[in-house]
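Student: I have a model open and want to go through its charged contacts and backbone oddities. Can we take a look?

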Amino acid sequence: MFKEILQKVVGRMDGAAIGAILMDRDGIAVEKIVEVDGFDIETAAMEYSVVLRDIFKAAAEMNAGEVNEVLVKTQRFAALLRILDATYFVALFLEPAGSVGKGRYVLRTASADLKKEL
């Protein structure tokens, strides 16, 4: 079921999605969809899982509450990370011209379905 949900996320991005992946916070991929040949989505998401630990720690030290979402924009892509629970997150990678706002909306709405399946 995870694959179908991720495929729907990617499909709703009108060709701007590089891919989507469901990961645990230890950097282990559960399921992925990759639309661009040669893009190593597992490695990218694994590297961001390491960064997420520091973000969670910083949020806790500042009493900022739970982290819900992280956006990283680079020259080559935008990575939207949506936290699902204490163990899992979903990442959507977009082309530079892709709509981050739409991506945020699509991930937010798909999160409920992913949480049900977890």
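Tutor: A salt bridge here is a side-chain nitrogen of Lys or Arg within 4 Å of a carboxyl oxygen of Asp or Glu. By that criterion, Glu69, Arg82 and Arg104 are linked in a network of salt bridges. Keep in mind that this is a predicted model.

Student: How many salt bridges does the structure hold?

Tutor: Five. In general, side chains of opposite charge can pair when their charged atoms come close.

Student: OK, what does Lys3 pair with?

Tutor: With Glu31, in a salt bridge of 3.3 Å from N to O. Lys3 belongs to helix H1 and Glu31 to strand E2 (residues 29-34), so the pair ties together parts that are 28 residues apart in sequence.

Student: And how accessible is each of them, Lys3 and Glu31?

Tutor: Lys3 is partly exposed at 41% relative accessibility. Glu31 is also partly exposed, at 24%.

Student: Strand E2 again: which residue does Lys32 meet in a salt bridge?

Tutor: Glu42, with an N to O distance of 2.6 Å. Lys32 is in strand E2 and Glu42 in helix H2, so this salt bridge ties together parts 10 residues apart in sequence. Lys32 counts as partly exposed at 33% relative accessibility, and Glu42 does too, at 34%.

Student: What is the partner of Lys102?

Tutor: Asp14; their side chains form a salt bridge at 2.6 Å, N to O. The pair links distant parts of the chain, 88 residues apart: Lys102 sits in helix H3 (residues 100-117), and Asp14 in the loop between H1 and E1.

Student: Are those two buried or exposed, Lys102 and Asp14?

Tutor: Lys102 is partly exposed, at 31% relative accessibility. Asp14 is exposed, with a relative accessible area of 63%; the cut-off for exposed is over 50%.

Student: Switching to the backbone. What is phi of Asp14?

Tutor: Near 50°, which is a positive value in a residue other than glycine. Most residues other than glycine have a negative phi. The loop that holds Asp14 runs between helix H1 (2-11) and strand E1 (17-24).

Student: What about phi of Asn63?

Tutor: Phi of Asn63 is positive as well, near 50°, and Asn63 is not a glycine either. Asn63 is found in the loop between helix H2 (41-61) and strand E3 (69-73).

Student: Is Asn63 buried or exposed?

Tutor: Exposed, at 70% relative accessibility.

How values were computed:
Residues numbered from 1 in each chain as written. Predicted model: local features only at pLDDT ≥ 70, side-chain atom pairs only at ≥ 80, totals over all residues. Heavy atoms only, no water. Helix = DSSP H or I, 4+ residues; strand = E, 2+ residues; numbered from the N terminus. Buried < 20%, exposed > 50% of the residue type's maximum accessible area, 1.4 Å probe, protein only.
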